[in-house]
Amino acid sequence: MCRTACMLVLCILGMPTCAEAPQQQPTPLTPQVSKQLAEPNIDTTTPLYEQPPFDLLYLNPANNNAVLKLLPVPLPDRKVPQPLPRSGYLEIELFDRPGERYRVPWQAVVQLKLFEQLLLEQAMKLIQEKRFDEAYDYLDYVATHYPNVSGFSEVEQLFLIEEARATLAQGQSERAFADLCRLSELNPNHPELSNLIGQAVDTLVAQRWQKGEYAAARGVVETLSKLLPQHPAIQKFRQQWQTEAAELEKQVQQALAEGNARHADRLVRKLRQVWPQQPRLDQLIAEVRKAYPRFQVGITQPGARPDPTSLIDWGSRRCGRLIREALVEYTGPGPEGGEYQSAFLMWQLDAEKQTLTLRLRPERPRFADGRSYTAYDLAQQLANRADRHHEGYFPPWAEVVAGIRISSPEEVIVHLRFVPLKPESLLQCVPEPALILASAAKDRFPGVGPFVLAAEESSSSRWVFRRNTHTGTASDGGRPVPNGPAEIEEIAFPRCRDALRALREGEIDIVDRVNPWELPLLAQARDVTVQPYRVPLVHMLVPNLSKPLPGNRDFRRAMLYAIDRERILQSLLGGKPQSGCQVVSGPFPAGTSFGDPMGYAYDPQIKPRDYQPSLALALSEIAFRQAQEVANNRGLPPLKTREVVLAHPPHEIAREACRQIQEQWRLIGWTVKLVEVSPEQPPPPEYDFLYVEAAIWEPEIDVIRLIANLIPERQFLSPQVELALAILGSSADWPTLGQRLRDLHHWVYDDLSVLPLWQLVDFYAYRSGIKGLGEPRVSLYQNVETWQFAPN
């Protein structure tokens with residue numbers, strides 16, 4: 001018994017006495033056994049590279065010509081001996097019968113095909129059948145997992161040459177050129193390479209040249225010159241472009257001699273794109289720019305209804321500054337509220353008598369039809385802004401105005417009920433003639449600004465703005481500035497990346513808005529300068545409070561808890577933190593640095609709500625049931641599905657942010673329908689949330705505009721928010737106003753009247769050598785009258 005107990009202990013401890021039995025020796029493979037295994041089970045419906053690896057062993061007639069499917073044979077370096085040994089044995093393990101191991105005499109083996117060879121054979125078969133996309137998947141898999149397999153280079157070259165030949169026949173010259181470039185790297189002496197790549201280059205260059213993509217066409221030839229420096233197409237095209245450039249140079253000089261500097265500008269820009277190595281090009285450009293300074297601006301957000309005072313429409317705010325300059329223009333934050341300037345008037349506040357004197361500047365801009373903006377126009381417009389029955393009604397202005405009178409042809413006196421802290425901030429409107437105001441023909445009134453839109457030269461993707469000749473000399477706050485731009489041309493690009501490419505290649509001069517994740521594309525760009533705008537935009541979701549779901553505070557809270565705002569913001573920034581970009585807890589900018597006066601309305605003690613998807617899931621379920629009851633009580637259609645409609649402006653930043661919000665809301669069980677809405681149009685009636693990029697630059701005024709324009713259902717706001725809004729205008733001093741704005745921040749945070757997301761600092765980029773663009777600005781054209789090209 002003692003001996004038995006000791007044996008048991010040794011077995012438990014894993015001593016050699018109780019070690020596992022030695023692995024079973026391979027069974028000799030006999031003809032009888034091979035006959036049973038003659039039909040291997042091979043899946044032909046699933047691509048080989050998606051199946052577990054296996055090898056195939058082909059036996060001789062003495063073994064019934066059996067084909068065995070094996071687990072990968074452990075050969076040194078996965079190389080099959082060549083020639084096959086005629087003595088000894090090969091040990092194998094069947095794929096479909098793991099654990100069954102056999103010993104096969106080498107003399108019975110006809111062929112051993114490894115898995116990687118099977119992949120290459122299938123790729124070859126697909127190439128012959130011209131199924132190139134499928135063949136590519138096989139080759140990509142082999143290159144990744146079996147880079148040293150014999151014969152891979154030959155099959156890859158066959159793939160490249162056959163696909164190039166086929167795509168050339170189909171007119172897909174770009175794909176053919178890419179294949180042939182790769183082939184030239186593998187085998188620059190391939191007998192068919194020179195002829196085929198010549199065909200591809202001819203077709204590709206012709207296509208791009210016809211589209212006006214001159215830099216791209218030259219890039220094709222430059223690529224060819226690096227791969228095959230002696231190819232005859234290189235010299236052919238270079239000679240062709242030099243000839244065309246010489247002819248363009250003659251045309252430029254002729255246009256200058258005839259005094260047609262505008263035509264000369266278009267010709268010299270084309271010359272620079274056709275052949276930038278042209279001798280005397282820099283001197284010629286300088287001559288043309290001096291005669292006709294024209295700037296080309298790449299944009300991704302056209303402005304359908306130009307309005308320099310727009311709160312949420314980037315495009316309208318930008319181009320509005322060109323043709324509909326504001327009566328008073330915000331230029332940036334100051335120590336106490338915003339700083340303002342005006343090309344139309346000067347103002348003086350008499351605090352004791354509570355009067356605001358507005359005197360028109362003698363050199364003020366004129367309307368495009370030559371008419372001057374008069375004191376009568378000004379008085380009528382200010383009166384309309386105080387009339388609650390007029391479409392131009394502006395509540396903060398109506399609250400402060402007691403009376404308006406014209407004291408002279410150039411002066412208007414405004415009597416005030418109380419003295420506002422920043423009266424000029426209430427005058428941000430576009431000057432309009434009184435006759436137009438009275439006739440309601442608002443869409444037909446002439447613009448007043450430094451430029452006019454040349455409609456006959458514009459299209460759906462290009463807008464030409466020519467200097468307003470009625471304005472006289474360009475001005476900056478009333479100070480004459482000679483030699484400003486003669487013309488601005490805005491060119492719409494589908495993506496910011498395309499605009500940046502055009503900027504780097506010299507096709508345009510400026511890009512008005514650079515996506516933050518694409519800033520690295522300009523890091524190494526020569527002669528390109530990137531600048532931040534002076535004031536950030538506040539991004540938020542505005543709920544449709546008239547609908548049961550977004551009108552429910554618990555639902556709004558749930559949807560905010562379900563957004564990982566920090567993660568989305570870092571994604572928008574390309575994973576690199578940027579100064580001034582941060583998640584916010586309210587509708588006001590937080591400032592871009594410590595002590596920034598821009599953040600006086602923001603309460604830093606109120607921290608943004610954390611990302612809590614589990615809490616969001618519970619709250620949204622409660623809110624859904626509550627909303628069903630509300631819909632029933634209001635007689636609205638019952639809520640059947642958990643779907644929300646998220647509307648957003650048609651821009652890449654908003655698209656990307658909303659796409660990520662859509663994915664995060666899906667995680668808590670909500671289907672999200674994304675709808676693109678142009679900012680100048682009202683959102684669709686069915687929307688639940690509206691993504692907004694708000695220019696909250698003067699918080700006291702702009703937060704009222706925001707709520708008045710985007711939340712018309714004021715009855716659904718909390719009483720605290722309504723009261724906080726009502727008392728803003730009567731603040732006696734800046735500390736009081738700041739405290740009331742921070743109180744409003746608290747009540748909006750509590751009520752979730754809007755869902756704050758983050759503030760984002762935007763950037764613009766321009767080719768170095770443009771004077772006037774290096775100064776801080778809130779919008780691109782803020783000082784457009786002073787732009788100049790510096791001498792080369």
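**View 1. Helix 6 alongside helix 8 in the predicted model.** Here we're looking at helix 6 (residues 173-186) and helix 8 (residues 214-227), whose axes come within 10 Å and cross at roughly 20°. That angle makes helix 6 roughly parallel to helix 8. In terms of handedness, helix 6 goes past helix 8 in a left-handed crossing. Helix 6 brings Phe177, Cys181, Ser184 and Glu185 to the contact, and helix 8 answers with Val220, Thr223 and Leu227. Sorted by class, the residues where helix 6 meets helix 8 come out as four nonpolar, two polar and one charged.

**View 2. Helix 4 against helix 5, another left-handed crossing.** This pair consists of helix 4 (residues 132-145) and helix 5 (residues 152-169), with axes that come within 11 Å and cross at roughly 155°. Since angles over 145 degrees count as roughly antiparallel, that is the label for helix 4 relative to helix 5. On the helix 4 side, look for Phe132, Ala135, Tyr136, Leu139, Val142 and Ala143. Helix 5 contributes Phe152, Val155, Glu156, Phe159, Glu162, Glu163 and Ala166. The class tally for helix 4 with helix 5 is 10 nonpolar, no polar and three charged.

**View 3. A three-stranded open sheet with mixed pairing.** Read across the sheet and the strand order is 1-5-4. Strand 1 (27-28) and strand 4 (89-93) sit at the edges with a single partner strand each, so one side of each has no neighbour in the sheet. Strand 1 runs parallel to strand 5 (residues 101-105), and two bridges join them. To get your bearings, find threonine 27, which stands opposite tyrosine 102 in strand 5.

**View 4. Lysine 113, a buried lysine in the predicted model.** You'll find lysine 113 in strand 6 (residues 109-113). Its relative accessibility is 15%, so lysine 113 counts as buried, given that the cut-off is under 20%. Which residues does lysine 113 touch once its neighbours within four places in sequence are left aside? They are Asp55, Leu56, Tyr58, Leu118 and Glu121. Phenylalanine 54 is also worth picking out in this view: lysine 113 and phenylalanine 54 are 59 residues apart in sequence, yet 9.2 Å apart in space, C-alpha to C-alpha.

**View 5. A seven-stranded open sheet, again with mixed pairing.** The strands line up in the order 14-15-18-7-19-27-20. Strand 14 (451-453) and strand 20 (528-532) are the edge strands, each pairing on one side only. Ignoring direction, neighbouring strands in this sheet are turned by 25° against each other on average. At the strand 20 edge, five bridges tie strand 20 to strand 27 (residues 763-767), and the two run antiparallel. Valine 530 stands opposite alanine 765 in strand 27, a handy pair for checking the register.

**View 6. Helix 10 packed on the seven-stranded sheet.** Helix 10 (residues 261-274) touches strand 7 (294-299), strand 15 (462-467) and strand 18 (487-492). The direction of helix 10 makes about 55° with that of strand 7.

**View 7. Helix 13, a mostly covered helix.** How many of the 11 residues in helix 13 (residues 375-385) are buried? Eight of them are. The buried set is Ala375, Asp377, Leu378, Ala379, Gln381, Leu382, Asn384 and Arg385. Among them, Asp377 and Arg385 are charged, and Gln381 and Asn384 are polar.

Conventions
Residues numbered from 1 in each chain as written. Predicted model: local features only at pLDDT ≥ 70, side-chain atom pairs only at ≥ 80, totals over all residues. Heavy atoms only, no water. Axes fitted to C-alpha atoms, helices over the stretch in contact; angles between N-to-C directions. Helix = DSSP H or I, 4+ residues; strand = E, 2+ residues; numbered from the N terminus. Parallel < 35°, antiparallel > 145°, perpendicular 65-115°, else oblique. Left-handed = near helix turned anticlockwise from the far one by under 90°. Contact = heavy atoms within 4.5 Å. Pairing = 2+ DSSP bridges. Buried < 20%, exposed > 50% of the residue type's maximum accessible area, 1.4 Å probe, protein only.
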